[in-house]
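Me: Please take a close look at one part of this model, a strand and its surroundings, and then follow the side-chain contacts outward from there. A connected account would suit me better than a list.

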Amino acid sequence: MVSEKTRLVNEQGFHMRPATDFANAMQKYDCDIRIEYNDNQINAKSMMNIIAAGIRYGSDITIMCDGKDEEKALREAVDLIESGLSE
Amino acid sequence: MNQVCLNNKLFGIAVSKGIANGKAFVIKTRENDFSHFADNSKLELSRFLDAIDKFEKDNEEKAFRLNEKERKILLGHTAMVKDPYVFDSIKKEIENKKTAEKAVFDVFEEYIKLFENSNDKITIERCDDIKDVRNGIIEILQNKNTKVSGIGYNSVVVVKELTPSLISSLDREKVVAVISENGSETSHSAILARTLEIPSILSVKSATEIIKDGDTLIVDTENSQITINPSKNEIIECEKKKEKIKAENEKIKKYLTLPCLTKDSKRISIYSNAGTFFDVERGIKVNTEGVGLFRTEFLYMDRETPITEEEQFQIYKKCVTALKGKPLTIRTLDIGGDKNVKSLDLKKEENPFLGFRAIRFCLNRDDVFIPQLTAILKASAYGKIRIMLPLVTTANEILSAKEKIECVKMTLSKKKVDFDSNIEVGIMVETPSAAISAEKLIKYCDFFSIGTNDLVQYIMAVDRGNKDVKYLYSPLEPAVIKAIKHISDCARNQNKEVGMCGEQATDKTMIPLLVSLLDEFSVNPAFLLKTKYRIAKYTTDFSKWLVNEALKCDTKAEIENLVKTTSQSQKL
């Protein structure tokens, strides 16, 4: 398993559009991907679960990937979040 | 919020402007009646799959009428059902012998509770979207027509829950206004109401109970007020107000065929901005005199491999041909590390806005820049194209870019490919260095275009996405006005044209100042006529005087006040 700490830089938080784009990007990986936020673990392939978590602007989160393409998945997940999810 | 029923008045939050009167058409939400358990799970599963398919197709059809941004809302709705977690949960419920309807209802119900308990305003608002999706799918499963039927002309639709799917299916010919018990300024329904230009008042408590089907209503968003069964006088007042708004719209429409002139009949070019062929067409529909900014970064985004020279050529050719001799100003790739562009392999950086981006990136990446320049030059054989370089900071950058343009020209000549050998090359003036040494840079280019969005950001050293410092982001800051004046003077001293592309070129407060400073305004097609109308209100002399007075001011507030108090009287 690999993981990395990062921070959400979208002013609006993880709302519908970024959550959709993010979950879609994660769905192409085989590994299990989770977002840890406030001691909760969220399935990163599910936009509904991401929105439900209500992750706010400036929150510290940890991305955790477990499976055969975990390195690649982690890289893309962190890149997407740090680039502000193209907002 | 004051949502009180005073005599025959109701109040709410106005989200889409206008005034309208008509007959109430009250839509009561249907109770969901369906059986909870089914014997044949396989059949239920295939019903569910068919319903999702239909839901997706219907959404795509509706989305067709909308802009990119609004389209994303409906596509987000499709994504909600296709969410693998949601999908699997529904499947499991169906395997547990629930009907497709009940399974969909229960799973989404869980999410509504989750969202409601999130303590986050935006997340809680998304409950309306979930309910909309849930009801949409259940209606498809029960074969109910989602379209609202039976609405007559001049109807004011009154609903408990205004949903994006409802508002996007309303017939604009018949529905004059919308009232809803739920919703807020930022809800997706509000965004759609604004796009479709339906006057709407949301968050009106108990509206569907107080208002009866067939009641006469006046909906006035100016004071966020609904009048139920108004008096004769109130109707007369409403008609007067409608006339006034109509007259103003007519006035603006008149500008469709009028040339763009200042009050003292000085000619100004009015161009439109675009990022796609569709935008170019929108400009042509309002008689644009050309495209003052064609953004090319969208061509590179959302794809795995870089766009080829041929693909670009076809797009530019299509646009310039449609413009029939009017100029198409193509801004070369303006992109940097803040965007995640798969096809370009951009490096992530600490300070993307001060980093390897736009012209800096292009000059270093012949594999990207040369195909773009080649495509632009090849398309220039089909009409008038101008090249515009973004984020220029030094004269050397202009020289290097021009060198590359000359190289491409040589290659094309050798291959006997046609192009416009006198193609104009200009720059976006959007950095402090370009503004300060505009008198030097203008020597090397054919025109200037002031990019206000970035210019304000760099001059004021402020990230407008940051709530804490956003107050500094204003084009009316004395430093910005001074810079724009200097840029304009430098271009004109060399008899070259200076334009502006960006939101500020349409701004009510900026236009009186800009009339004497610019030769071209390039604006969003939606604001083109309004901008013409605003330009026509002012004389060049008044604008010159106003700029001089503004330069004497020390603060943004003084400038704002100056423009507001003097431009009113000048109009008359």
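Reply: What follows starts with one strand of chain B and then turns to charged and aromatic side chains.

The model is predicted. The part chosen is strand E13 of chain B, residues 424-429, which is mostly covered, with five of its six residues buried. On one side, E13(B) is joined by four bridges to strand E12 of chain B, residues 385-389, and the two run parallel. Within this pairing, B:Met388 has B:Gly426 in E13(B) as its bridge partner. Between E12(B) and E13(B) the chain passes through helix H15 of chain B, residues 395-414, and the resulting β-α-β crossover is right-handed. E13(B) also pairs with strand E14 of chain B, residues 447-451, again in the parallel sense, over three bridges. Here the partner of B:Ile427 is B:Phe448 in E14(B).

E12(B) spans residues 385-389 and E14(B) spans residues 447-451, which places a charge-ring contact in context. The charged end of B:Arg386 sits over the ring of B:Phe447, 4.1 Å from the ring centre. A second contact of this kind involves B:Lys174, whose charged end sits over the ring of B:Tyr153 at 5.4 Å from its centre.

The loop leading into E12 from helix H14 (366-379) of chain B holds B:Tyr382, which links to B:Phe313 in helix H12 (residues 309-322) of chain B, 69 residues apart. The rings of B:Phe313 and B:Tyr382 form a tilted aromatic pair, 6.1 Å from centre to centre, with 55 degrees between the planes. B:Phe313 counts as buried because its relative accessibility is 9%, under the 20% limit. B:Tyr382, at 42% relative accessibility, counts as partly exposed.

Over all chains there are eight aromatic pairs. Another of them joins B:Phe542 and B:Trp545, also tilted, at 6.0 Å centre to centre and 35 degrees between the planes. Both residues lie in helix H22 of chain B, residues 540-552, three residues apart, about one turn of the helix. B:Phe542 is buried, with a relative accessible area of 11%, whereas B:Trp545 is partly exposed at 39%. With B:Tyr538, B:Phe542 and B:Trp545 make up one aromatic cluster.

Salt bridges number 43 over all chains. In one of them, the side chains of B:Arg126 and B:Asp129 meet at 2.9 Å, N to O. These two residues are three apart in helix H5 of chain B, residues 121-141, so about one helical turn separates them. The side chain of B:Arg126 also meets that of B:Glu125 in a salt bridge, at 3.9 Å, N to O, which lies within the 4 Å cut-off. B:Arg126 and B:Asp129 are both buried, and B:Glu125 is buried too.

A salt bridge between loops is formed by B:Arg267 and B:Glu289, at 3.3 Å, N to O. B:Arg267 lies in the loop between helix H9 (232-254) and strand E9 (269-274) of chain B, and B:Glu289 in the loop between helix H10 (277-285) and strand E10 (291-295) of chain B, so the contact ties together parts that are 22 residues apart in sequence. B:Arg267 is partly exposed, its relative accessible area being 45%.

Finally, a network of salt bridges brings in chain A: A:Glu4, A:Arg75, A:Asp79 and A:Glu82 are linked in it with B:Lys348.

Note on methods
Residues numbered from 1 in each chain as written. Chains lettered and ligands numbered in written order. Predicted model: local features only at pLDDT ≥ 70, side-chain atom pairs only at ≥ 80, totals over all residues. Heavy atoms only, no water. Buried < 20%, exposed > 50% of the residue type's maximum accessible area, 1.4 Å probe, protein only. Pairing = 2+ DSSP bridges. Right-handed = clockwise from strand over helix to strand, strands pointing away. Phe/Tyr/Trp six-rings, centres within 6.5 Å; stacked < 30°, edge-to-face > 60°. Lys NZ or Arg CZ within 6 Å of the ring centre and 35° of its normal.
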